[in-house]
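Colleague: Please take one part of this model and go through it closely. I would like the pockets, and whatever around them helps to read them.

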Amino acid sequence: MGHAQIKEVRLYIPPRDKHIEVKAKPALSEDCKHNDQVLNAFVLGFARYKKAMKDLSKV
């Protein structure tokens, strides 16, 4: 006889609204290095999707 399993709590991620078109952002300046751009992308991503990041960190 098997044992009862604990049901997994799944994270619901709603589908993306495909009607919103994202525009590309220009680089900070001509002398901007790749590392600076990567750090800037993380800052923008965490600022924009703070709640989603917190939900995903619980998984």
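Modeller: Helices here are DSSP runs of H or I with at least four residues, and strands are runs of E with at least two, numbered from the N terminus. On that basis the protein chain has 2 helices and 0 strands. The model is predicted, and every value below is computed from it.

Some context for the pockets comes first. Of the 59 residues in the protein chain, 3% are buried. The chain exposes about 6,700 Å², and 60% of that area is supplied by carbon and sulfur atoms.

The largest pocket holds about 250 Å³ of space. Its lining includes Leu-11, Tyr-12, Ile-13, Pro-14 and Pro-15. Tyr-49, Lys-51, Ala-52, Asp-55 and Leu-56 also line this pocket. By class, the lining has 8 nonpolar residues, no polar ones and 2 charged ones.

Lys-51 and Asp-55, both in that lining, form a salt bridge with their closest N and O atoms 3.1 Å apart. The cut-off for such a contact is 4 Å between a side-chain nitrogen of Lys or Arg and a carboxyl oxygen of Asp or Glu. Both residues belong to helix α2, which covers residues 50–57. Because they are 4 residues apart in that helix, about one helical turn separates them. Lys-51 counts as exposed because its relative accessibility is 62%. Asp-55, with a relative accessible area of 23%, is partly exposed; the limit for buried is under 20%.

The second largest pocket has a volume of about 160 Å³. Arg-16, Asp-17, Ile-20, Val-22, Arg-48 and Tyr-49 line this pocket. Its lining divides into 3 nonpolar and 3 charged residues, with no polar ones. Tyr-49 is listed for the largest pocket and again for the second largest.

Arg-48, from the lining of the second largest pocket, is also where helix α1 ends, as that helix spans residues 34–48. Phe-42 and Phe-46 both lie in helix α1, 4 residues apart, or about one turn of the helix. The count of aromatic pairs comes to 1. In this pair, the ring centres of Phe-42 and Phe-46 are 6.2 Å apart and the planes meet at 25°, so the pair is stacked. The limit for stacked is under 30 degrees. Phe-46 has a relative accessibility of 43%, so this residue counts as partly exposed.

Returning to the charged contacts, a search of the whole structure finds 2 salt bridges. Besides the bridge between Lys-51 and Asp-55, there is one between Glu-21 and Lys-23, where the closest N and O atoms are 3.8 Å apart. Glu-21 and Lys-23 are both exposed.

Note on methods
Residues numbered from 1 in each chain as written. Predicted model: local features only at pLDDT ≥ 70, side-chain atom pairs only at ≥ 80, totals over all residues. Heavy atoms only, no water. 1 Å grid on protein atoms, 1.4 Å probe; cavity = no way out; pocket = protein on both sides within 12 Å on 5 of 7 lines; lining within 4 Å. Points joined across faces, edges and corners; volume = space filled by probe spheres on them. Nonpolar A, V, L, I, M, F, W, Y, C, P; charged D, E, K, R; others polar. Phe/Tyr/Trp six-rings, centres within 6.5 Å; stacked < 30°, edge-to-face > 60°. Buried < 20%, exposed > 50% of the residue type's maximum accessible area, 1.4 Å probe, protein only. Areas by Shrake-Rupley, 256 points an atom, 1.4 Å probe, with all protein chains shown as cover.
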